[in-house]
Protein chains: 4
Amino acid sequence: MLVVMRSQATEEQVRAVCNKIEALGLRAHPIPGAQRTAIGITGNQGTVEAGSLEEMPGVGEVIRVSKPYKLVSRDIKPDNTVILFPGTHVAIGGKDIVIMAGPCSIESREQAMTIGEQVARAGAHFFRGGAYKPRTSPYTFQGLGEDGLKIMAEVRERFGLLVVTEAIDNESLELVEEYADVIQIGARNMQNFSLLKHAGRTRKPVLLKRGMSATLEEFLMAAEYIMSEGNYNVILCERGVRTFADHTRNTLDLSLIPAVQRLSHLPILVDPSHGTGKRNKVLPMGRAAIAVGADGLIVEVHHDPDHALSDGPQSILPDQFEELVSEVKQIAAVLKRGVVAPLDPVAETVLAVEPTSRPAAAH
Amino acid sequence: MLVVMRSQATEEQVRAVCNKIEALGLRAHPIPGAQRTAIGITGNQGTVEAGSLEEMPGVGEVIRVSKPYKLVSRDIKPDNTVILFPGTHVAIGGKDIVIMAGPCSIESREQAMTIGEQVARAGAHFFRGGAYKPRTSPYTFQGLGEDGLKIMAEVRERFGLLVVTEAIDNESLELVEEYADVIQIGARNMQNFSLLKHAGRTRKPVLLKRGMSATLEEFLMAAEYIMSEGNYNVILCERGVRTFADHTRNTLDLSLIPAVQRLSHLPILVDPSHGTGKRNKVLPMGRAAIAVGADGLIVEVHHDPDHALSDGPQSILPDQFEELVSEVKQIAAVLKRGVVAPLDPVAETVLAVEPTSRPAAAH
Amino acid sequence: MLVVMRSQATEEQVRAVCNKIEALGLRAHPIPGAQRTAIGITGNQGTVEAGSLEEMPGVGEVIRVSKPYKLVSRDIKPDNTVILFPGTHVAIGGKDIVIMAGPCSIESREQAMTIGEQVARAGAHFFRGGAYKPRTSPYTFQGLGEDGLKIMAEVRERFGLLVVTEAIDNESLELVEEYADVIQIGARNMQNFSLLKHAGRTRKPVLLKRGMSATLEEFLMAAEYIMSEGNYNVILCERGVRTFADHTRNTLDLSLIPAVQRLSHLPILVDPSHGTGKRNKVLPMGRAAIAVGADGLIVEVHHDPDHALSDGPQSILPDQFEELVSEVKQIAAVLKRGVVAPLDPVAETVLAVEPTSRPAAAH
Amino acid sequence: MLVVMRSQATEEQVRAVCNKIEALGLRAHPIPGAQRTAIGITGNQGTVEAGSLEEMPGVGEVIRVSKPYKLVSRDIKPDNTVILFPGTHVAIGGKDIVIMAGPCSIESREQAMTIGEQVARAGAHFFRGGAYKPRTSPYTFQGLGEDGLKIMAEVRERFGLLVVTEAIDNESLELVEEYADVIQIGARNMQNFSLLKHAGRTRKPVLLKRGMSATLEEFLMAAEYIMSEGNYNVILCERGVRTFADHTRNTLDLSLIPAVQRLSHLPILVDPSHGTGKRNKVLPMGRAAIAVGADGLIVEVHHDPDHALSDGPQSILPDQFEELVSEVKQIAAVLKRGVVAPLDPVAETVLAVEPTSRPAAAH
């Protein structure tokens, strides 16, 4: 922390602040300036919230300096985390990008199979779909629950797609861990710390979406919660934040991608579907996400969006998805990246087996 | 919903949109205007997300009109909900205002007793304090858990204060329901729909805090989740939202109070501690909250904020709290309101007994 | 400024940063901490933007510490600025609060006289009204220009009200200075630095509205622009900021008032009309503004808002204004403040004469 | 407009609202729904602000439907506006993209020549640089004024670059019109309507930057102000908006580009320098801007950013600029677009002559 004194602060006031800092078990480093004195603070500040320094006479402002994250930080692990999926060649966070696609909600076996086939053919690596849906209204479709998970497992088996789906509480988390390859934590639960801790005790990678008004620091601290429990396979995902702008449902904040990459070793994806909320903006923003350097996309695709039970307006059609994959491949090439090769449902054992040991990326 | 056509839309395009609306099982009402045609839609739109109308040729914009809330709405229940606490004279949402006060976290029996005595003497009706703390960092104090709840129950017994404390997941909810008089759902869990539903199945009033970037509609829909499960005793609470402004931790949005009161019959409190994050702004904003018409305050008070394990900088001191209660009383009088009389720990049976029947306010 | 090094930064990297700081003509103060080194910078940083330090190897972050404001700051002038109006007893920023009221736009002589009479009778001290209107659309009413100013001068003479009105460019500024008692700079022009400088060369007090997304620092720096040209009579005004919240036109940020009062000696008013954009929220937020400690209000009043040429929906009716003045008086009393006594149009010479010397508040 | 009645509104209340609408000279179209009645309004609503309908008994909400823009709209002009620069082959808004580059401020003849040569060689078409600088603090460098304009004219002559520079008031506008090829209106002046109108009377294209908290509608209306005065050559520019996010100086809102393109025929550029405020994010966001479909970039380049008098931290170095141009060219190709060929300073007469007639794009 740094205490900035007012310009007319007396020497006594400076001394009183220093004394208080020392009394809190920390060390004070006064830096006299041309106009005012600043006081640097060192020592373990974890257990002390010295904000009440702000109320002392002569104090202008208290600025927090040290960042609270540890495991998520490049300071601890300079190399990128690459998340591997045993039995497959798929890696997230490596040189090549990955694509996750599927409907907002699993509505029926038929719907899932239809869309699963289409996105697999177009080059997706993961099938996304909700079995547990956090909906704004209690009166709208809330997901098929475990039946939805079973359908997704069938899509995996049939089309060779890995499965990513959301857990909304500690109960659904257990089932999602059992059926899925990646456990998603949604934006609304980004600071559901109980759920984060439980996810940290699972043995599957976790896709963590940025909360609607989360700062970069809060986002990284949410990942830290998961990692602090021993699960180091966290995939971050930007999905738009809440601003005054009303031409999109959320404002997709693509500058977060280089900002995360500077501070953290974790991979980061972009969700242009929730990020815009409008079908006609998914392709442009999907292209932009790859151009900015994201490690992949997660996209909502529906073959019949007019009758989708959720998020129809932001789901793209299968042929739009094909076009997106093609454009994304070309843009990745500009950044000297490729797209991970599609899974081969025959040759590769895409089974949701519990990994026997922590993936190599963790240490 | 209302579909606004572009000014150069052809008659055929208008007809196509009307046909699609009817095909979705709804009724179309074209309204030809001077410059463009608008098409009103009636019928049950609950299960259809007709947003893909937006993609049809000639369509300019689709505007959602009907509001999704039911039980929270004044349309359903024109009179204010007044929440009673059996065995006491305390009511929330009535003519008089209530005051909840206490530390951010329960840190020890001694701390809780010291603060409990002080806030009781100054006129508080509820003792607030966290036993389960949602903290941004996994490395900071996370609360005493059930031990904290037991301490709060002791504060209740000794000083005649009702108890309000936060549940952070379905597990802690059960314990909080057992020990507390009001179950708090924090801002970070405002859209933890699983928790909301479980809270809706409890038999204690729920204090629901507004999420950091929740619109009025989302806030009311979160209350609707609780009510839709049968618990009609919901107390709303404004606690600041996230904006670009950096002179406070959050921006306390006091205009929400009259906005809620126009749409909903539920009582609404204000939390000026989290709403500002700075001790020197708690009194001014606490006064303003009562002036704007809130039904009460929830305030963090600590006798030794420098050594508080959480939120020290925003906790006011006991004598500041006394001053606040005195000012608030005078301002309430300007609005022809009083402050609920303090509880008498001897005469009133402040026991956290499960109410035998739904309070009268529900219907 | 403070440079925070990464935890794994080498000694050489720290030395390189220090050398660069010295090369920029500043002084470096390294503060070694448990985990990382921070480097304080002192010296005149006004002409250097050392942000490129951020790009040096080993640097984690650069934090700006010293605040750029001078004349607006309590560091320079600890006592409140009180703005006097020669020939009258009116003071802004003193113990008592002031009230400015009138229509959004001056529409006609009749309209202005009608409203002027009503607000004078109810206790207003200033007549507000726009002669030059910044409107979002070029096709809506843009104000009567100099004719509007003449009408306002007539209102002053007849009802003993001081006049406040907006200047929108350097041309209108000259006329507004001639006719009005207070020159208003609107939110949209808060960073129209050319206009601010010109306003700083006038000899009338300036009412400066906060820009729609201005931070506290930017707001104070806008005032600094005016003061740096020699006009020390600046009145700040909070009028709502832009956020995601959609239940009001803007989000009135009342916590700005204590924040300004902590940093600056300038008086600050609140505009609950633009701050909410809805008639039914003007009274509650007007009361709250006084409860929080503002030095007064500026309110839109119209006797026939349905036919107002601008801002009808947020204008209150004359009898609502009367009620507001009465409530405000009672709330001010809680804070041991009064409302400035109404002007006497006969006894007091309310003439827009150019003051012969700088008001005493400046020094 | 559309009036949505409350569900319990009586027939009389509906009738009263209809009567009021008719009394305002408009036509009412009641649409009875399952739960509530909505009332569509047609007729010229330009001069009436019917917001006070919101206060009538039984009214739930009033929704504005018709958009106020005319000349900026694709409804009026379905084809893209392409802005030509007489005497050159450069076009903005056509198939190929353009690049504007240069220092934040013109600091000296040497600095401008050095940077001008470098950006010309790397492929820029326009030289950007500020002669009149809107700075947050009155104590920082405010620009060289007309001397800066003269230097820019010399850069044009020597390196065959068109010139774009900002006007900050009506005085500087005249000089900028004389010297520059494109007149820039900055973000802080986006709603300086006086300046917009004056810019609308010039005969040079205007580059209009989005205000820091401007909605899409407000941005288009600002362009409408310019066009309504007869200047149809408006180039829009996204440059980041103000949000809670603190990892960049502003949040660059790239989804605005497809949103603008859907509603308006005007070209739109992106400024990744102000849009992020950090050098290390300019290249990623510059690439993303082209991927999303922008018509070009405007970028700050400085050969010695440590000693830049303004915006050093966000200026990229000349070799980074070269890399950006190269990447942008490849990404444009994915969208089947090219980059406009560089100007030939010998063969093309790049003179800031006043065009003799309105460019063809206007009609």
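1. A word on method to begin with: copies are superposed by least squares on the C-alpha atoms of residues with pLDDT of at least 70 in both. On that basis, a turn of 180° and a shift of 0.0 Å along the axis lay chain C on chain B with an RMSD of 0.1 Å. That is the relation of a two-fold axis.

2. Please keep in mind that this is a predicted model, in which local features need pLDDT of at least 70 and side-chain atom pairs count only at pLDDT 80 or more, while totals for chains, interfaces and linings use all residues. Residues are numbered from 1 along each chain as its sequence is written, and chains are lettered from A and ligands numbered from 1 in the order in which they are written.

3. Back to the axis: C:Ala288 is the residue of chain C that comes closest to it, at 2.0 Å (C-alpha).

4. Now for chains A and D. Here 34 residues of chain A are in contact with 34 residues of chain D (C-beta atoms, placed from the backbone, within 7 Å). On the side of chain A that touches chain D, α9(A) gives the largest share, eight residues (helices are DSSP runs of H or I, at least four residues, and strands of E, at least two, numbered from the N terminus).

5. Chain D also has an open sheet of four strands, ordered β2-β3-β1-β4 with antiparallel pairing (strands pair if DSSP finds at least two bridges between them). Its edge strands are β2 (27-32) and β4 (59-63) of chain D. Between β1 (residues 2-5) and β4 of chain D there are four bridges, and D:Val3 has D:Val62 as its bridge partner in β4(D).

Notes: Contact = placed C-beta atoms within 7 Å.
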